[in-house]
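Thanks for coming. I'll put the structure up and talk through a few computed values, starting with the surface.

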Amino acid sequence: MSRAGLHDASREEAAPLHTPAEAQSYLNDGNSLRSWLLTTDHKRIAILYLISITGFFAIAATAAAMMRLNLLTPQGALLTAEGYNRAFTMHGVIMVWFFLIPSIPNVFGNFLIPLMIGARDMAFPRLNLASWYIFMGGGLFTLAALIFGGVDTGWTFYTPLSSTYANGNVVLALSAVFIAGWSSILTGINFIVTIHKLRAPGMTWGRLPLFVWTHYATALILVLATPVLTVTLLLVVAERLFGLGIFNPALGGDPLLFQHLFWFYSHPAVYIMVLPAMGVVSELVPAAAHKKLFGYWFVAYSSLAIALVGFLVWGHHMFVSGQSMYASTVFSFLSLVVAVPSAIKVYNWTATLYKGSIALNAAFLFAMGFIGLFVMGGLTGLMLALLAIDVHVHDTYFVVAHFHYIMVGGAVTAYLGAMHFWWPKMFGRMYNEVWGRISAVLVFIGFNVTFFPQFLLGYMGMPRRYHEYPPEFQTLHVLSTGGAGLLGLGYALPLIYLLYSLRHGEPASANPWKATGLEWTVPSPPPTHNFEDTPIVVREPYDYPLSHDSSIA
Amino acid sequence: MLNLFGLSLPQASAHAQHVDMLIGAFSLLILFLAGPVIVLIFAFAIRYRRGKDVNRDHAPNRNVWLEVSWTIIPFLLILGFFVVSAKMFFSIHEPPADAMPISVVAKQWMWKFQHPQGQSEINTLHVPIGQPVKLTMTSQDVIHSLYVPALRLKQDVLPGRYTELWFTATRPGTYHLFCSQFCGLDHATMGGSVVAMEPGAYGSWLSTQASGGSLATAGATLYRKLGCGACHAGDGTTRAPSLNGLYGSRVTLEGGRQIVADDQYLRDALLDPNAQVTAGYKPIMPTYRGLIGEEQVMQLAAYIRAMKTVPGEHP
């Protein structure tokens with residue numbers, strides 16, 4: 001056993017923060033359906049989100065699979081033009097608003113923030129439960145739109161196509177997103193108040209885990225940007241139902257106004273997806289390396305910088321839209337600026353590994369996968385921020401590849417990393433580590449085989465949202481579909497071995513990874529009220545003992 | 001030229017070559033920035049894996065100079081690319097004065113092109129090489145986007161507004177033309193080709209095409225039919241300003257604001273005349289919205305453009 005491991009074990013015994021073992025786990029505190037559906041326990045609400053967004057992921061992934069199969073042949077192997085348009089719209093709407101945006105914050109943020117800051121629950125437990133019901137209400141509207149035949153506008157709902165010309169259930173889909181937006185806003189408010197008001201004594205801002213810092217930045221974006229989206233969607237509904245001239249020039253509206261309002265929300269929304277993922281990786285890397293995170297303050301402040309500058313770059317989605325070229329130039333520059341804080345994080349994670357004592361477990365492999373895919377997505381994002389390059393590859397598969405590297409390669413991989421890291425804490429069971437590593441490797445390879453060919457397709461001029469295409473693009477499409485099969489397998493495996501672990505997994509100790517952080521000082525799974533006594537924090541974050549002099553607890 | 005899996009993307013203009021060079025150079029920068037990170041992550045993960053006996057003493061937790069330098073240096077390198085790419089972006093938005101004007105109307109789901117001599121074609125655009133071509137584009141319904149990968153150019157086409165795209169094709173050939181902004185059911189089939197031809201071949205192609213007369217001639221007919229001359233009689237002493245030499249000149253509006261009389265201005269003046277009233281005149285012109293379509297607006301604009309070339313005369 002390594003020195004690091006020994007020191008940790010000795011520290012765990014000396015840790016003063018243990019709650020008595022007789023405290024009841026949150027999972028056993030009432031077994032009725034009612035006790036789950038009316039719970040105000042942040043941990044149970046996290047589980048409600050976990051179950052519901054897994055369902056949404058499955059629906060949206062099915063739509064993606066249908067699209068990839070359709071693209072096996074140039075004429076379209078599976079779907080009609082209409083079927084394809086509806087499939088990619090549903091894929092986008094559900095993945096963005098019902099999986100990516102809520103995934104890490106609503107599952108892991110909900111579960112972990114109170115535990116990480118030494119609180120018994122969120123600041124507003126009932127509001128937390130209400131957020132889930134509102135989210136599910138939005139989900140029901142989405143499913144209704146799907147059942148009544150789907151939507152054919154794309155998830156971006158560009159006007160005047162969506163407000164006047166489209167034939168699908170646009171109003172239902174917009175209502176779904178409108179409702180889900182309220183859930184986001186309420187969750188964001190809850191996070192901000194919780195982080196400000198409920199930190200345990202001694203948990204200063206400088207001792208906050210970076211997971212909490214990134215969720216704080218995310219919550220700021222949720223609260224500031226989401227209202228713009230909800231109002232915008234109402235305006236589209238108003239134009240569609242009542243013929244108010246807002247976006248359609250035939251009615252006296254402005255066709256570009258929608259794009260400005262939409263991207264003012266939807267660009268920051270990318271950071272809603274990726275900041276929590278960065279928070280996850282900032283926990284996983286020091287825990288695997290058993291080493292303090294390199295440059296804590298740079299990483300903490302870079303989260304806030306991303307949140308703030310992220311509001312100033314929406315126009316980079318509109319370089320070919322007809323907006324003024326001077327505006328485009330400013331947006332291009334600011335988009336390059338926002339890459340700086342993201343790069344800081346990547347370099348700091350890398351430097352954290354230097355001289356670490358690295359456990360190559362499943363959670364760490366997912367974190368490594370995240371870094372690799374995020375770097376690729378980020379740097380190709382810089383290419384898109386460069387004006388002359390964007391003009392060529394805008395609205396092609398290059399863009400599709402780029403944002404999937406960030407949102408799927410980044411956010412989903414980090415989500416799986418979080419799942420593997422905190423699973424023992426959430427359910428008190430260990431899973432099969434070997435299968436976990438296989439899944440991490442499969443996801444990484446499958447992802448690259450799926451999406452790297454799409455960069456080439458885009459550069460070669462293949463536009464996105466085509467259900468049929470010129471035959472010369474076929475080889476790369478077939479390759480991409482093959483990769484998607486591999487990726488699907490990588491995603492399906494955890495579903496099997498994690499569920500299996502619930503019954504058959506070994507019981508998890510309070511701190512199976514020998515990690516720092518208050519969440520590891522309570523039993524696995526945690527008791528209903530988290531901490532028997534309010535903990536008093538005296539340590540710096542990530543104070544992993546590595547050398548002899550820092551080993552005394 | 002890059003050739004992948006039997007796929008190659010031709011460079012049909014000088015701009016296309018420049019874009020490829022920019023992409024190539026930036027890809028090298030990506031390798032330079034990302035390569036060390038990926039290599040180091042793997043190297044550290046192997047060298048410092050748990051259980052391996054290596055020296056882990058004095059592991060650093062912070063180093064401000066290192067952090068500042070790895071922040072600033074890549075940013076400065078990237079700024080260089082920003083300048084180059086912004087210059088290219090400005091140049092593709094500044095058409096030369098002698099560019100051949102072609103008007104484009106997009107609708108679900110077809111492209112209609114009109115050559116200055118009046119020939120029109122659907123979904124295929126013939127152009128001469130070596131000659132700058134300027135497309136003035138509008139849409140009849142939703143937002144479309146005209147994309148020619150071989151030229152590395154695209155531009156959204158908006159309803160109720162003109163957008164422009166210009167290029168000089170340098171290599172004869174037939175190139176893909178796509179709609180790249182999702183525009184409804186048959187978006188994927190709203191394409192065609194750009195055929196770049198030697199000037200002589202273009203000339204003889206043009207002469208075989210039926211033409212309903214040039215755009216300006218059609219515009220002149222329409223001008224008379226609509227009775228525009230009753231007000232815009234010429235010397236500017238009547239109820240409305242003269243249109244002679246109007247195109248491309250600066251117009252002073254009521255309230256003192258100045259505006260260049262380009263295609264967009266002419267379109268607005270026809271369809272929403274009282275939004276931009278010329279200084280010294282009353283807002284009395286009726287709107288022609290609903291009375292004439294996009295193509296007729298373009299014909300009238302071509303006629304008014306022609307008035308510029310022959311000042312003081314009404315053809």
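Chain A has an accessible surface of about 17,700 Å² (Shrake-Rupley method, 1.4 Å probe), and carbon and sulfur atoms hold 69% of that surface. This is a predicted model, where local features need pLDDT of at least 70 and side-chain atom pairs count only at pLDDT 80 or more, while totals for chains, interfaces and linings use all residues. Residues are numbered from 1 along each chain as its sequence is written, chains are lettered from A and ligands numbered from 1 in the order written, and side-chain values use heavy atoms, without hydrogens and water.

Now the inside of chain A. Of its 553 residues, 66% are buried, meaning under 20% relative accessible area with a 1.4 Å probe, protein chains only. Chain A has 16 helices and zero strands; these are DSSP runs, with at least four residues for a helix (H or I) and at least two for a strand (E).

What is its radius of gyration? For chain A it is 23 Å, which agrees with the value near 24 Å for a compact globule of 553 residues; the rule is 2.2 Å times the number of residues to the power 0.38, over C-alpha atoms. Along the principal axes, the C-alpha atoms fill a box of roughly 70 × 45 × 45 Å.

Last, chain B. Strand E6, residues 124–128, has four of its five residues buried. E6(B) runs parallel to strand E12 of chain B, residues 192–197, and five bridges join them; two strands pair if DSSP finds at least two bridges. One of the partners in E12(B) is B:Val195, bridged to B:His126.

Methods: Buried means under 20% relative accessible area, exposed over 50%, partly exposed in between (1.4 Å probe, protein chains only).
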